[in-house]
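Biologist: I'd like to go through the salt bridges in this one with you. Can we take them one at a time?

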Amino acid sequence: MAVSDIVTQYEDEHGQVYYKMKSHDIEVKATQNAGLAPVITYWMADKEITDSIRNLRFSPRAPSSYIQDYEEFQAMLYAKEQRAINQLYEQMSIKPKNMSSGKQVIWSFFVIVLAMLPLFIAIWLFK
């Protein structure tokens, strides 16, 4: 029996009730909106389950006290969240990706000089 979109209730042959996560096949997506922090959404088979994840995480009763595989689920979810955030930042970064580390240092120096160029010109003109 499904308790929520992500938790299922089971009953063993002795009549004991226990809970497990329905699936560990969850896709985590990170997007950037107007704010500074990324927005993380959770998807299971083309269905958004973000609210179910939040309700489970912020419930008054600790999920690890009654869900058998919750620790493994949290570890998997944390790894996917970090991967999604890193992919988002790599996508938004202006750092060149096809250069060696030495060329990336030169590129970073060039970007800093380019950003400081208006300041250098203003100092030179108003001297």
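Modeller: Sure, and one cut-off first: a residue is buried under 20% relative accessible area, exposed over 50%, and partly exposed in between. Keep in mind that this is a predicted model.

Biologist: How many salt bridges does a search of the whole structure find?

Modeller: Side chains of opposite charge can pair when their charged atoms come close. Here Asp5 pairs with Lys47, and Glu81 pairs with Arg57. So the search of the whole structure comes to two.

Biologist: How many residues apart in sequence are the parts that Asp5 and Lys47 tie together?

Modeller: The closest N and O atoms of Asp5 and Lys47 are 3.1 Å apart. Asp5 sits in the segment before strand S1 (7-11), while Lys47 belongs to strand S5 (residues 47-48), so the parts they tie together are separated in sequence by 42 residues.

Biologist: Which helices does the pair Glu81 and Arg57 tie together?

Modeller: Those two side chains meet at 2.9 Å, N to O. Arg57 is in residues 50-57 and Glu81 in residues 70-92, so the pair links H1 and H2.

Biologist: Is Glu81 buried or exposed?

Modeller: Its partner Arg57 has a relative accessible area of 28%, which makes Arg57 partly exposed. Glu81 has 9%, and the cut-off is under 20%. That makes Glu81 buried.

Biologist: Which element has the lowest mean pLDDT?

Modeller: The protein chain averages 87, and 98% of the residues score at least 70. Strand S3 (residues 27-31) has the highest mean among the elements, at 94. The lowest mean, 87, belongs to S1.

Technical notes:
Residues numbered from 1 in each chain as written. Predicted model: local features only at pLDDT ≥ 70, side-chain atom pairs only at ≥ 80, totals over all residues. Heavy atoms only, no water. Salt bridge = Lys/Arg side-chain N within 4 Å of Asp/Glu carboxyl O. Helix = DSSP H or I, 4+ residues; strand = E, 2+ residues; numbered from the N terminus. Buried < 20%, exposed > 50% of the residue type's maximum accessible area, 1.4 Å probe, protein only. pLDDT = per-residue confidence, 0-100.
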